[in-house]
Every structure is written in structure tokens, then in C-alpha cells.
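Hi,

Here is the structure I promised to pass on to you. Have a look at it first, and then read my notes below.

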Protein chains: 2
Amino acid sequence: MNPVLGILGAGQLGRMLALEAHALGVPVRLLGEPDGSGAQVAATAEGSLDDADAIKRFARGCDVLTVETENVRVDALVDLPCPVWPPPAAIEASQDRVNEKRLFDRLGIPTAPWVPVASDEELAGAVEALGFPFVLKKRRSGFDGRGQVVVKARNEAVPAFRLLGEVPCIAEGFVRFDAELSVLVACPVRGARRVWPVARNVHYVGQLDYCTVLPNDPLQAEAAALGNRVADALGYVGVLTVETFVRGGALVANEIAPRVHNSGHWSIEGAVTSQFANHVRAVLGLPVGPTDAVACAATVNLLGSLPARGDVLAIPGAFFHGYGKSDRPGRKVGHATVLAPSVPRLHERLDRLRQVVGPRG
Amino acid sequence: MNPVLGILGAGQLGRMLALEAHALGVPVRLLGEPDGSGAQVAATAEGSLDDADAIKRFARGCDVLTVETENVRVDALVDLPCPVWPPPAAIEASQDRVNEKRLFDRLGIPTAPWVPVASDEELAGAVEALGFPFVLKKRRSGFDGRGQVVVKARNEAVPAFRLLGEVPCIAEGFVRFDAELSVLVACPVRGARRVWPVARNVHYVGQLDYCTVLPNDPLQAEAAALGNRVADALGYVGVLTVETFVRGGALVANEIAPRVHNSGHWSIEGAVTSQFANHVRAVLGLPVGPTDAVACAATVNLLGSLPARGDVLAIPGAFFHGYGKSDRPGRKVGHATVLAPSVPRLHERLDRLRQVVGPRG
């Protein structure tokens, strides 16, 4: 009747998930850093997500377990006394870029050409297969553009591999994309899935800078079908994110995030039900809510330090989110969303928002 | 830059205010019961709102202070080291039904006929002035229909006064109203106020049972003007609620709540900006957000015990809120809101919701 929800991770995604559990009146506990963003709003057990014992201990106090990050020791998620959603296999699939690509291949979903690279020999093979430029990425634990190097010429290949520590990598052909597009799917245990309107992202030095959600995206149906195919293959429960590139009017799959995602933050105010509310509902076995947009929306990451709240909120249709983090260059410390009744009005408000936010660390 | 918000009271209204402070990344502290609904989601200092020392101690750790209830020792709110919003005088005005009525009179706002009753002599005068039935209410500390008795005949008057402990009372002529209507006004420190679409309430044995918010209420403009007049008179900052009766197509003011209100819960999902978000913004000196409705809305109180979340959330457009309280007959333990694109659809969903909620304690 009143199950305890456990969340692995106590960052800002855990925080925003915990706030939705609070809204539902569902007791919630986090596992992570005691000074994490999430730890400020919910009971948090201190522990590393690499520590199988810590995870097992934590699970004993929970009735259902979920994650705010894919960077969790997945072998600790089996034989727990409570269900884990999304399924550990889905989390595992997303931890390794080669496995991810194999999954896309198996489902007939287009990706950039790719080659696994674990040795200098395989690296030489990748150079022949892909040409230049290509992107050399660690197979595991990369995010926000970290753990990857663009290789532009033959003599850069070996130094790039050395720079990444010669850990198992993947070499990916460089996709000259027109846009980056995220699709988020809310997958309940039973009943119909819901797909949010897709978000188109613009990156700034490798870290997501802002994204927009506009009505009637021409790739909505294709993206929804792609997201559903991945969710089917993974037996998915919770919110699933698939990041794609748009090239020549078609989607090229990039990666999977088995969780709520930065590109879904707009849904807090911009959709009938937010990604956080629907993830919590789904993992608790509850029906998910409508994902329709209530307006055109854009979200800007607040990096390094927060701007003055009053300056952001003076913009019509603007909403402010702080994560309770201390300042640090490049750190995601919050986000701001603007809603508008039309695309031109949205761009006007987004321009004002970007002026207020300014170039931040 | 990052002010600490202090909230006097740790019930469900404090809880929902605290969740909005968390969303903004504003540190928040509550003063109240350590096992209160709000204490589950934010740091809470134990203390009574009748205890001037506890309030003064609590205020030392805050940069701005607000309330979730008018039942607070108001003389403790002067000479604090931080601003208090709404103004203590506004809180005081709402604590005493006679003062409230005098305020309405001064502003030329219609009310039921009323007479202060502090003695058997005044009670006899009230009987002559008002006829039957009339309502005898304690001047102070009544809410949700408690602390009041309907007097239907001459021989009931003295027993009713005895029942109320012969404390200072007010006798009010019985308003045969067609509806009860609440108007909520978001009042920032600077800048334009915003008024939500009015909510019409239906009571069930004296406690608010459900309320609906429909487009183009014919009394919207009159209610907004009334709310603004009261806000002006009180120099108000924060969310102000005025409860009124509708009689013959006109408004009769009933009482003031210097705070967010049960009849505004629909705004969490049903309005662009909720009463909780705007109250937090206002008391922090930030601009308030748009109060437009995004759909037709209805909210039902969940009394006594929570229904199964899944049954509520299976209704299209339904949202569930639990307050983390233990079961107790008649206790407000949560609420559910349904949204719909049209009035007939809303009533259909509301009927389903009422079936799921059933007759609860």
C-alpha cells in the first residue's frame, strides 16, 4: 500500500525523482553522497554505487529500487529482495557503447559506422574502416562528452588511444548531423506506454546547453517507433531515453540512457506529466500519465553558478530550478525552462533567457 | 543570493511549499511537529507556533519567514531579524472573525449580517438582530467547520454558546448560498499581482470535499476585484485566499486565509504556476508566474485514508497527492486532481474519481 522507493544515486536527477515521490506521498530513500543534491530533499544512505554490499544493504529497506544513473554496479542488482526497474539488463546494455550499438544493429536501427577498439591492431583496423574524422570513445563510463576524442588525422589515432588510457574503446564514424534529437518513453509495468514530444538539443563545448520542444516535429513518429522498439527489446519499465542524430531527415541512433534525462527537464512544466512523475509512477507499478506538451518549451542548463532567480523569473513563461549544488566551473547547478504559445514567442523568450544566463563557467 | 526560507508550520501545506522551495534550489526550514507531513521533506525544527521564543530562535536561522497557517502567535512576528510575509497584520486580521468582518465592512465588501457575541446579553441581541437560523462561531481558531454551531431556534442559542465554551464568538446570519467560491491572489513584493481562475467548492459534512475550476466563470472579474481590494488593504505579499458565498449571482465575503489554500490545490497541475510555487516566489521577492488554467480541473480531498494510487491514476488526467500522514477518520491525508479538456469530460472523470475515492472516513 505504501511501498518504500529506493533510488540509486543522490544527484540532481535523484533529487527531482524524490520530489515526485514526495508529491505522491511515497516514502523515498536515496543511496549516494551524503552531501549530494538529492540528499538535501530525501533521506540518503551514504554509499558508492560501485559497492555491491552497500547496494544490497540499501535494498533491504526498500520495496522497489530504481536508478538515477546507469553508472551503477549492475551485478549487485540481481537477487535483491525487491524488484529493480529498469531491468538490470537494460542498465547493463547502456553501460557499454559496443553493446548499445549491437542492440541497435540487432533491431535494424541505423547508427554511425563503428568498430570496437581494444588494441593498437584494432585501432589500425578502425582507421581503415572509418576514415577521418572519427570519434574514439571509452566503451564505459563516459558522459557529457568526457572520455572521448575526435581523431582528425592518421597521426592522432595512437595518441588519442593513449590519452584514453588504452581501455576498451569504440571508434565511431563522425556523423555530420543537422540536429540532435532525444526521445523519451514512459514505460509502465502494465498498460500503454507514452512518448513525450521529442526534444532537439544544441550542444556547447560538448555539454548539453539547451533544448527545444516544438509542436509537430516531423520526426516524432519515427522517433517514437524507435523508442518503442528499444523499450520492447529491453523489457523496459521506467523512463527510457534514446539519443539520436538527425541526418538528412532521418534518425541515426546514438545512445541509450536507462533513466530520466537532461533533455526531458522541459516536461516538468511543459508537459501534462513530467518525466520524473512518470518514472516514479512506472517503477511503482502505477499507470503513467499523459505526456502531451502544454506549450512550446525550451530548457537551458545553468552551468557553473546560478544566475539571479529574479532575472530569470522576470521573463514571461520562465521557470527556475536550482539543484542545491555549490559553484564549480562547468558543473550543472540548475536549469531554466521557458514556455510560450508559439515558436516565434519561444525564441524571443529563449533569447532573453540566454542573455540573463550569459556565458557561464 | 541563496536566502534560507523559513516556514511556520509543518503540515501538508508546509510540505507542498517546501517542495517548491526545493525545486527552486532555495534552502528551506520548517517549524512545527517533528513528525508532521512537512517534516518528511525538509529540515524541521520542533516547536509550537504558540511559543514566541521558539519562533524567535527559528527566525535567527532564516532570511525570510512565511506561514502555512494563520494559527500562529502573531506578536512573536514583530521585531524579527528577517522579513515576515504575509505581513503579520494580515495574519492577525484573519485570526479573528470579527476583525475580518470589520475589514470587509471598511472595504465596502458585502458579508452576511453579523454581531459580536461575548456574553449572554450580546447573544440575546444577536437573536433579535439575525433571526433563525444563524451560525454561532468562535472568533478565533476555527477551521474546517470546527468551532461553530448552527442555531435553528431560540432555545438552542444559549446551549450553543455554552458548547463553544462561552469564548468570544460571532453570530452570523445564515447565508443560503448557491455555491462557495474561493479566489486566490498571488501578490509579489513588487510588480503585477496574478489571480487564478476561481474555484467553486462543494462541502460534505462541513469539510471541503471537492472543488472545480471551469473556464470563464461569470464571477471571475468580481472575485478578482474583491481579492485585489483585500490585498491592497492588507499590503499583502504571498498568496491570499478569500472565501466567498455566491448568492443570487453576487459575492458575499466569508473569510480570509493569509496563505495557500485547499481550494488552490488544483493549480499544481491545472495552472501554469501553482499556488505553492507563486507563494514561495512572492515571499522571496521574486516575480510571480502566470496563473492561467491549462485545462478544466477538479480536486477531491482524500479523507481518513488513501485510496489505491493505481486506481486514481488509471483515470485519464488524474493526479495523486499523498501527505505522508497516518490514517485517522476525517483527516486530510491527500488530494487528487483531475484535468480535462471540456466540462462534460471533467464531470465524467470527476464521477470516476469519486467512485474510486468512495465514502471515506
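What follows is a short tour, from the whole of one chain down to a single helix.

First, a heads-up: this is a predicted model, so please read everything below with that in mind.

Let's start with chain A as a whole. Its secondary structure adds up to eleven helices and 17 strands. If you draw a box around its C-alpha atoms along the principal axes, the box comes to roughly 55 × 55 × 40 Å. Is that what you'd expect for a chain of this length? A compact globule of 361 residues would have a radius of gyration near 21 Å, and chain A has 20 Å, so the two agree. As for the inside, 53% of the 361 residues of chain A count as buried. The chain also brings together stretches that are far apart in sequence: take the contacts between residues at least 6 apart, and 60% of them join residues at least 24 apart.

Next, the domains. Chain A splits into domain 1 (5-84), domain 2 (113-173) and domain 3 (179-357). The centres of domain 1 and domain 3 of chain A, taken over C-alpha atoms, are 22 Å apart. Where these two touch, domain 1 of chain A puts in 18 residues and domain 3 of chain A puts in 15. On the domain 1 side, helix H1 (12-24) and strand E4 (64-67) of chain A each supply at least two residues. H1(A) has the largest share of that side, with eight residues. Sorted by class, the same side holds nine nonpolar, five polar and four charged residues.

Now for the place where the chains meet. Here 26 residues of chain B are in contact with 26 residues of chain A. On the chain B side, helix H1 (12-24), helix H10 (309-313) and strand E16 (318-322) each give at least two residues, and H1(B) gives the most, with four. By class, this side of chain B has 14 nonpolar, ten polar and two charged residues.

Last, a closer look at one helix. Which residues of helix H3 (residues 88-95) of chain B are buried? They are B:Ala90, B:Ile91, B:Ala93 and B:Ser94. These four lie on the same side of H3(B), because they cover an arc of only 160° around the axis. In general, an α-helix has 3.6 residues a turn, so residues three or four places apart point the same way. Among the elements that cover the buried residues of H3(B) are strand E4 (64-67), helix H4 (97-106), helix H7 (220-234) and strand E14 (250-257) of chain B.

Cheers

Technical notes. Residues numbered from 1 in each chain as written. Chains lettered and ligands numbered in written order. Predicted model: local features only at pLDDT ≥ 70, side-chain atom pairs only at ≥ 80, totals over all residues. Buried ≥ 20, exposed ≤ 12 C-beta atoms within 10 Å, placed from the backbone. Arc of directions from axis to C-beta. Contact = placed C-beta atoms within 7 Å. Domains from an automatic or database assignment. Nonpolar A, V, L, I, M, F, W, Y, C, P; charged D, E, K, R; others polar. Rg over C-alpha atoms; globule rule 2.2 N^0.38 Å.
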